[in-house]
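Here is a quick tour for anyone opening this structure for the first time. Have a look around, then read on.

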Amino acid sequence: MALLVWIRRHLVVLAGLLALGFLILPNLVVLVFSFNKPKGRFNYAWQEFSTHAWQDPCGVADLCGSLALSLQIALWATVGATALGTMIAFALVRYRFRARGAINSLIFLPMAMPEVVMAASLLTLFLNMGAQLGFWTILIAHIMFCLSFVVTAVKARVMSMDPRLEEAARDLYAGPVQTFVRVTLPIAAPGIAAGGLLAFALSFDDFIITNFNAGSTVTFPMFVWGSAQRGTPVQINVIGTAMFAVAVICVLAGMLIGNRRKKQAA
Amino acid sequence: MTTLTEAPPAAPEPTATKARSRRKLTPYWLLLPGILWLLVFFALPMVYQASTSVQTGSLEAGYKVTWHFATYWNAIAEYWPQFLTSILYAGLATLFCLLLGYPLAYLIAFRAGRWRGLVLILVIAPFFTSFLIRTLAWKTILADGGPVVGVLNSLHILDVTSWLGMTEGDRVLATPLAVVCGLTYNFLPFMVLPLYTSLERIDPRLHEAAGDLYAKPATTFRRVTFPLSMPGVVSGTLLTFIPASGDYVNAQLLGSTSEKMIGNVIQSQFLTVLDYPTAAALSFILMAAILLMVTFYIRKSGTEDLV
């Protein structure tokens with residue numbers, strides 16, 4: 001009876017933890033199966049413990065090449081989308097101009113469109129123009145769909161900025177450039193960083209748009225997709241786990257630094 | 001998808017007219033490169049796609065616009081089952097995401113205490129591993145004769161799902177249930193995060209006030225918490241349903257040939273069959289259907305100011 005009461009009281013917590021388990025479970029499977037030594041071509045059933053894939057993560061043809069290409073594209077897409085998106089966000093928050101509504105819709109629509117529609121229509125454009133599918137078409141596509149997310153992230157931050165800080169800077173005889181570099185940019189930086197990180201993650205992990213517009217170029221997600229047909233090497237799990245570990249360490253380090261700064265400021 | 005407010009009035013303008021006219025142009029210069037990018041690589045492709053869908057011809061002889069609208073009727077006549085499948089699977093996945101995601105968002109917002117940061121990181125953390133690798137992991141989890149299938153079988157859940165036509169016999173993999181499970185898994189964070197944002201804004205004193213007014217916890221939830229979390233519910237369901245309805249990854253990796261969604265058809269028409277007019281027509285119909293449903297849904301739920 002007491003147990004039933006306890007369960008009733010904590011039902012939300014239990015259901016929430018169940019959902020959390022559902023979210024985490026595949027990552028654990030990826031981790032465990034990076035130590036597998038599968039019998040056939042596919043790494044879906046557990047056979048025996050082995051560290052061979054960890055010792056030779058690039059041991060599969062094209063795997064690390066595709067990873068490097070994905071990182072390169074994600075980096076440039078981040079730079080491009082963050083620069084263009086930040087400019088749009090500032091214009092939207094700081095200025096009044098004509099065609100605001102139309103511009104807002106143009107920024108909102110890519111986020112409200114199934115990826116396959118954007119992917120297919122962009123491919124028709126490239127085919128009509130006779131463009132060579134590859135690195136550049138992937139990069140163009142990635143900047144396009146990351147842009148809206150950057151605008152949203154930066155806009156939220158710029159909107160919550162206190163305009164009096166900039167007025168104060170101007171009162172203290174700072175020129176427009178100086179005000180922007182010394183006051184505006186540092187305050188907007190967290191929003192820009194968040195937008196940039198989002199763009200990097202979206203670009204690095206994008207499959208559908210890349211699948212349509214890559215031609216025969218193989219990014220990391222394309223490699224994984226192909227391997228699901230040909231046979232999944234254990235190295236995929238190694239790279240997945242390593243990426244996960246690096247990202248978690250970065251996040252934890254960021255939190256620690258943030259906490260320390262807060263303490264110093266206090 | 002935050003509320004858009006009008007920009008605050010621009011700062012006092014410099015007196016010199018030259019400076020003023022330059023300042024007037026500033027927003028356009030800021031907008032130009034990004035908006036141009038979106039116009040050329042997002043809006044223009046839509047026009048090209050519309051034009052391709054009414055063209056006839058062949059790969060060798062080239063295509064010409066002939067206003068051949070029959071492509072649309074043929075596409076609908078041939079692929080309506082896949083459209084229905086997509087809407088059904090995406091709808092189910094959205095429902096499951098809401099049922100799973102709401103308690104999780106509630107847990108983070110009100111019950112997690114000092115664990116809040118950690119749980120939030122755990123919700124986002126899966127993103128750090130490529131979603132294709134994680135989707136493939138479901139092949140292992142749902143494998144025939146594996147522990148998950150065993151438990152579902154002994155609880156007679158598989159009997160119910162196979163009666164509903166979602167599974168077949170003792171299998172989960174390569175059935176509709178596996179595809180819906182994969183979709184639910186892949187888009188769950190997109191449900192949890194907006195829900196969390198809107199729940200977190202609720203003043204906890206409102207709960208206390210409801211309790212003081214003799215509302216039972218269930219009533220408090222139904223009359224206070226849930227209505228206040230509506231913006232999160234709406235944006236969460238949109239962020240789940242829209243990408244899920246166009247997805248073809250889960251159906252391809254976790255389903256069999258009979259679980260094809262419309263995304264699979266568009267992908268194979270475009271990349272394998274190379275029937276561009278049909279593919280463009282299908283993609284156009286999907287876009288129109290989604291925009292219609294989203295507009296109707298936003299009107300209906302009375303949250304127009306969300307977008």
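## A stretch of chain A with a record behind it

Let's start with an annotation: an unreviewed UniProt entry lists residues 67-257 of chain A as "domain: ABC transmembrane type-1". Keep in mind that what you see is a predicted model. Over residues 67-257, chain A is 82% helix and 0% strand. The end C-alpha atoms of that stretch are 29 Å apart.

## How chain A divides

A domain assignment splits chain A into domain 1 (61-231) and domain 2 (233-266). The C-alpha centres of these two domains of chain A lie 23 Å apart. Where they touch, domain 1 of chain A brings 4 residues and domain 2 of chain A brings 4 residues.

Which elements give two or more residues to the domain 1 side of that contact in chain A? They are α4 (63-94) and α11 (220-230) of chain A. By type, the residues on that side of domain 1 of chain A are 3 nonpolar and 1 polar, with no charged ones.

## How chain B divides

Chain B also comes in two parts: domain 1 (17-53) and domain 2 (73-306). Their C-alpha centres are 34 Å apart in chain B. The contact between them takes 4 residues of domain 1 of chain B and 6 residues of domain 2 of chain B. On the domain 1 side, chain B offers 1 nonpolar residue and 3 polar ones, and no charged residue.

## Where the chains meet

Now for the two chains together: 75 residues of chain B are in contact with 71 residues of chain A. On the chain B side, helix α1 (residues 17-53) gives the most, with 19 residues. What kinds of residues make up the side of chain B that touches chain A? They divide into 58 nonpolar, 14 polar and 3 charged.

The largest nonpolar core has 138 residues. Those with the most contacts inside this core are Ile88(A), Ala120(A), Cys146(A), Ala105(B) and Leu282(B). Take Ile88(A) as an example: leaving aside neighbours within four places in sequence, Ile88(A) is in contact with Ile107(A) and Val151(A) in chain A. From chain B, Ile88(A) is in contact with Leu30(B), Leu31(B), Gly34(B) and Ile35(B).

## A helix with a buried run

Helix α12 of chain B covers residues 262-273. Its buried residues are Ile262(B), Gly263(B), Asn264(B), Val265(B), Ile266(B), Gln267(B), Gln269(B) and Phe270(B). What covers them? The cover of α12(B) includes α6 (115-129) and α10 (208-213) of chain A. From chain B, the cover includes α2 (70-111), α10 (230-246), α11 (249-254) and α13 (276-300). Right after α12(B) comes Leu274(B), which has a positive phi, near 60°.

## Two positive phi angles in chain A

Two loop residues of chain A are worth a look. Asp62(A), in the loop between α3 (52-55) and α4 of chain A, has a phi near 75°, a positive value in a residue other than glycine. Is Asp62(A) buried or partly exposed? Asp62(A) is partly exposed, because 13 other C-beta atoms lie within 10 Å.

Ala99(A) sits in the loop between α4 and α5 (100-108) of chain A. Its phi is positive, about 65°, although Ala99(A) is not a glycine. With 12 other C-beta atoms within 10 Å, Ala99(A) is exposed.

Note on methods. Residues numbered from 1 in each chain as written. Chains lettered and ligands numbered in written order. Predicted model: local features only at pLDDT ≥ 70, side-chain atom pairs only at ≥ 80, totals over all residues. Contact = placed C-beta atoms within 7 Å. Helix = DSSP H or I, 4+ residues; strand = E, 2+ residues; numbered from the N terminus. Nonpolar A, V, L, I, M, F, W, Y, C, P; charged D, E, K, R; others polar. Domains from an automatic or database assignment. UniProt positions renumbered as here; feature names shortened; annotations may be inferred. Buried ≥ 20, exposed ≤ 12 C-beta atoms within 10 Å, placed from the backbone. Core = buried A, V, L, I, M, F, W, Y, C linked by C-beta atoms within 7 Å.
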